[in-house]
Amino acid sequence: MFKPELRQATILVADDVEAYRSMFSDLLEGQGYKVVCAADGDEALKIFHRQSIDLALLDVMMPRRSGFAVCRAIKS
(Lines give C-alpha, C1' and ligand atoms only; values in the text may rest on other atoms or scores of the structure.)
Protein backbone atom coordinates (compact mmCIF):
# COMPACT_ATOMS: atom_id res chain seq x y z
CA MET A 1 0.00 0.00 0.00
CA PHE A 2 1.29 3.47 -0.95
CA LYS A 3 1.79 5.93 1.91
CA PRO A 4 2.33 9.56 0.98
CA GLU A 5 5.35 11.17 2.60
CA LEU A 6 4.29 13.67 5.23
CA ARG A 7 6.02 17.04 5.24
CA GLN A 8 6.93 18.58 8.58
CA ALA A 9 4.84 21.73 9.11
CA THR A 10 6.78 25.00 9.36
CA ILE A 11 5.70 27.66 11.85
CA LEU A 12 6.94 31.24 11.78
CA VAL A 13 7.22 32.84 15.23
CA ALA A 14 7.65 36.63 15.16
CA ASP A 15 8.15 38.57 18.38
CA ASP A 16 10.54 41.33 19.41
CA VAL A 17 11.10 39.69 22.81
CA GLU A 18 13.73 36.97 22.48
CA ALA A 19 12.44 35.07 25.53
CA TYR A 20 9.01 34.66 23.89
CA ARG A 21 10.54 33.52 20.59
CA SER A 22 12.64 30.99 22.47
CA MET A 23 9.70 29.74 24.55
CA PHE A 24 7.43 29.23 21.53
CA SER A 25 10.25 27.70 19.50
CA ASP A 26 11.11 25.17 22.23
CA LEU A 27 7.45 24.28 22.76
CA LEU A 28 6.66 23.82 19.06
CA GLU A 29 9.88 21.99 18.17
CA GLY A 30 9.12 19.61 21.06
CA GLN A 31 5.86 18.80 19.27
CA GLY A 32 7.67 18.02 16.03
CA TYR A 33 7.26 21.28 14.11
CA LYS A 34 9.95 23.11 12.20
CA VAL A 35 10.17 26.64 13.64
CA VAL A 36 11.56 29.77 12.02
CA CYS A 37 11.89 32.92 14.15
CA ALA A 38 11.85 36.63 13.36
CA ALA A 39 12.63 39.56 15.65
CA ASP A 40 10.33 42.06 13.94
CA GLY A 41 7.60 42.38 11.34
CA ASP A 42 9.89 43.23 8.42
CA GLU A 43 12.03 40.17 9.07
CA ALA A 44 8.88 38.02 9.37
CA LEU A 45 7.61 39.23 6.00
CA LYS A 46 10.98 38.53 4.33
CA ILE A 47 10.98 34.99 5.75
CA PHE A 48 7.39 34.45 4.64
CA HIS A 49 8.29 35.36 1.05
CA ARG A 50 11.49 33.25 1.03
CA GLN A 51 10.09 29.94 2.22
CA SER A 52 6.91 27.97 2.66
CA ILE A 53 5.21 28.81 5.98
CA ASP A 54 2.22 26.80 7.19
CA LEU A 55 1.34 28.96 10.21
CA ALA A 56 2.54 32.36 11.41
CA LEU A 57 2.36 33.37 15.08
CA LEU A 58 2.80 37.14 15.11
CA ASP A 59 3.14 39.53 18.02
CA VAL A 60 0.78 42.47 17.53
CA MET A 61 3.20 45.17 18.75
CA MET A 62 6.60 44.84 17.09
CA PRO A 63 9.09 47.40 15.83
CA ARG A 64 9.15 48.44 12.15
CA ARG A 65 5.98 46.54 11.19
CA SER A 66 3.24 45.26 13.51
CA GLY A 67 1.72 41.79 13.37
CA PHE A 68 -1.43 43.35 11.88
CA ALA A 69 0.63 45.04 9.15
CA VAL A 70 2.35 41.74 8.35
CA CYS A 71 -1.05 40.03 8.02
CA ARG A 72 -2.30 42.79 5.69
CA ALA A 73 0.83 42.49 3.54
CA ILE A 74 0.48 38.71 3.30
CA LYS A 75 -3.20 38.93 2.38
CA SER A 76 -2.62 41.54 -0.36
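These legends describe close-up views of a predicted model of one protein chain.

**View 1. The whole chain alternates strands and helices.** The protein chain holds three helices and three strands. Starting at the N terminus, the order is β-α-β-α-β-α. The C-alpha trace spans about 50 × 30 × 15 Å along its principal axes. Of the contacts with a separation of 6 or more, 55% join residues 24 or more positions apart.

**View 2. Three strands make an open, parallel sheet.** Across the sheet the strands are ordered β2-β1-β3. Strands β2 (34–38) and β3 (55–58) are at the edges. Each has a single partner strand, so one side of each lacks a neighbour in the sheet. From one strand to the next, the twist averages 20°.

**View 3. Strand β1 pairs with β2.** Strand β1 covers residues 10–14. Five bridges link β1 to β2, in the parallel sense. Look for Ala 14: it stands opposite Ala 38 in β2.

**View 4. Helices α1 and α2 lie across the strands.** Helix α1 (residues 18–30) crosses β1, β2 and β3. Its direction is at about 170° to β2. Helix α2 (residues 41–50) also lies across β1, β2 and β3. For α2, the angle to β2 is about 140°.

**View 5. Surface, interior and charge of the protein chain.** The chain has 76 residues, and 30% of them are buried. About 5400 Å² is exposed. Carbon and sulfur atoms supply 57% of that area. The chain carries 10 positive and 11 negative charges. The mean positions of these two groups are 8 Å apart.

Methods. Residues numbered from 1 in each chain as written. Predicted model: local features only at pLDDT ≥ 70, side-chain atom pairs only at ≥ 80, totals over all residues. Heavy atoms only, no water. Helix = DSSP H or I, 4+ residues; strand = E, 2+ residues; numbered from the N terminus. Buried < 20%, exposed > 50% of the residue type's maximum accessible area, 1.4 Å probe, protein only. Contact = heavy atoms within 4.5 Å. Areas by Shrake-Rupley, 256 points an atom, 1.4 Å probe, with all protein chains shown as cover. Lys, Arg positive; Asp, Glu negative; His and termini not counted. Charge placed at Lys NZ, Arg CZ, Asp CG, Glu CD. Pairing = 2+ DSSP bridges. Axes fitted to C-alpha atoms, helices over the stretch in contact; angles between N-to-C directions.
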